[in-house]
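Me: I've got a model open and I'm not sure how to read it. Can you walk me through a few features?

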Amino acid sequence: MVFEREAVIHNEAGIHVRVAAQIVQKAKELSETFGCTFYIRNKHSERIEMHSLMKLIALKVGCGDSVFVSAEGGDPEPAVAEMVQFLEGDFEMHDRTEEREVDALLHKNALMQERLQKILETVQDGICVVENTGEVTYVNPSYLRIVHKTPEMVLGQNVFESAPNGNRCGVLKSGVARIGAISHKKDGTTLVANVNPIFIDGRIAGVVSVVKDITEIEKLMERLSQVSAKAEYLEQELLRTKKTATAFSNYIGKSGKVVDVIALASKAADTSATVLIRGESGTGKELIAEGIHYAGKRRRGPFIRVNCGAIPGTLLESELFGHEKGAFTGAVKRKLGKFELANHGTIFLDEVGEMDKSLQVKLLRVLQQREFDRVGGEETIHVDVRIIAATNRNLEQMVHDGTFRDDLYYRLNVIPIILPPLRERVDDIPLLVEHFLAKISAQAGKHVAGITPEAMNLLMHYRWPGNVRELENVVERVITLMDSETITVAALPSYIKGDAADQELRGITADRTVLPWQEYEKKIIANALEQCGSFNAAAKQLHITHKTVAAKARKYGLVKNTDI
């Protein structure tokens, strides 16, 4: 008995990937409850079973479209009624960016599989896919034509029962492909087949048998496998990196060196190993340390910062390990140290190279045994804490000079992460400037429309000895003192403009070929006008008169408007 009813889809996005997945799941549940098989069609298609995600998407059902739901076997009427009610209801969807990205990815994958499915069904070679259980799960029309059978005679058949000595069973058992295998059928048909195993995560998941010519089919199956694997990987990567991307969001940059740093830090976050972050002052060592903590398993625990270079050596021991009451003059009560406060979390030891050598011994004990004694105390404190250290010092040289213990160095340097200075990732400067403009202008309550290309060019040519911290300070200074809404060359500090001019002059004279003086003079005047924008400003930078700059500019044809 077949029972069919019409349903109108009210979901705004129609039947897309995530909705189709819910429909397939609902059909499975109702089939088990009512003992029937569900089918669906639109006004222009044949009916299909409601167990194929790809075929549901291929119907291309939008909001307001009608579909026809039918069921066979069992008790179809209440089953169809419940399914229609489900289809016409509101599907639970969450408008989150990550889910939309996953939806788009899955939809793209489904469309690709649909195209490849159509190709497989039109080729002249026969294709048969068998699961590792021996069940035949897919055959194309050419395969049915070659073996002279109908889908009902093949699909669901178990090759271990129907052909226990055949090539497909042999490959399922051995995992070794059989190429050019010849088999003779009872009806007199002789088939030449290539039977290849399908491996997933190192285990055999099934076999694919291609009858006759395998060349083009292998390419198509490989492409299908790659697309499916890539889609699955990217979906998992989107979910996995959501947490990581958030944790390292404050470390601005998209250059290759930044990507490498984030990748290494992300891997370090998945472990409890000690991390040593190296880099010049102002490169963002603390931001990376925070990211490792909040991307790792200890993110629910405390993140304790200690600047070893900012605390006098006589007080650092008490700061790190705590002290008991009366341990020294002024110790009027017990104080817990930073290591104790960081229990079940992470402690960040910044500027660890500044630590006194006597304290290095006690730090080594914590690294090795995760235990210490408070100053003036007799009780041994045990802690579960991850240690991330950072320094801008050359620890290798310090070990050689005897100012830093070699055993402590090797204990700290388990996972070294080296941060590049800003001058080595110039492409990130526009991103950083944009970030600081938005941040500082909001704090200062000023509207900043942007920065001119000429000013940005100067920032990108400056060497930035203070790295990102210096860049942030410059942007804050400019925003605080500027009168217009756009940052121009004139608003930048003179030492940045001078640095860029020096680099330009070095570029002019880099070629050892001696040119006429006029050539050098022309390039110098042109550069000054480009950077400063007017005769008067260029004259101030070149320390010559306004009239001289104007005369030289007209002489060399550098301006058309003589009233600059």
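Reply: Sure, and keep in mind that this is a predicted model. Start with helix 3, residues 76-87: helix 3 lies across strand 1, strand 2 and strand 4 (66-72).

Me: At about what angle does helix 3 run to strand 1?

Reply: About 15 degrees.

Me: What is the order of the strands in the open sheet of four?

Reply: Read it from one side to the other: 1-4-2-3, with antiparallel pairing. Strand 1 and strand 3 (48-49) are at the edges, and each has a single partner strand, so one side of each has no neighbour in the sheet.

Me: How many bridges join strand 2 and strand 3?

Reply: Two, and the pairing of strand 2 (residues 37-41) with strand 3 is antiparallel. For a residue to look at, find Ile40: across from Ile40, in strand 3, is Ile48.

Me: Now the loops. Is Ile15 buried or exposed?

Reply: The idea is to check relative accessible area, where under 20% means buried. Ile15 is at 5%, so Ile15 counts as buried. Ile15 sits in the loop between strand 1 (2-8) and helix 1 (17-34).

Me: Which residues is Ile15 in contact with, leaving aside neighbours within four places in sequence?

Reply: Ile9, Ala20, Ile23, Leu56 and Val61. Also look at Leu59: Leu59 is 44 residues from Ile15 along the chain, yet their C-alpha atoms are separated by 8.4 Å.

Me: How many disulfides does the structure hold?

Reply: Zero. As for cysteines, Cys169 is buried at 0% relative accessible area, and Cys308 counts as buried at 2%.

Note on methods:
Residues numbered from 1 in each chain as written. Predicted model: local features only at pLDDT ≥ 70, side-chain atom pairs only at ≥ 80, totals over all residues. Heavy atoms only, no water. Buried < 20%, exposed > 50% of the residue type's maximum accessible area, 1.4 Å probe, protein only. Contact = heavy atoms within 4.5 Å. Disulfide = S-S within 2.5 Å. Pairing = 2+ DSSP bridges. Axes fitted to C-alpha atoms, helices over the stretch in contact; angles between N-to-C directions.
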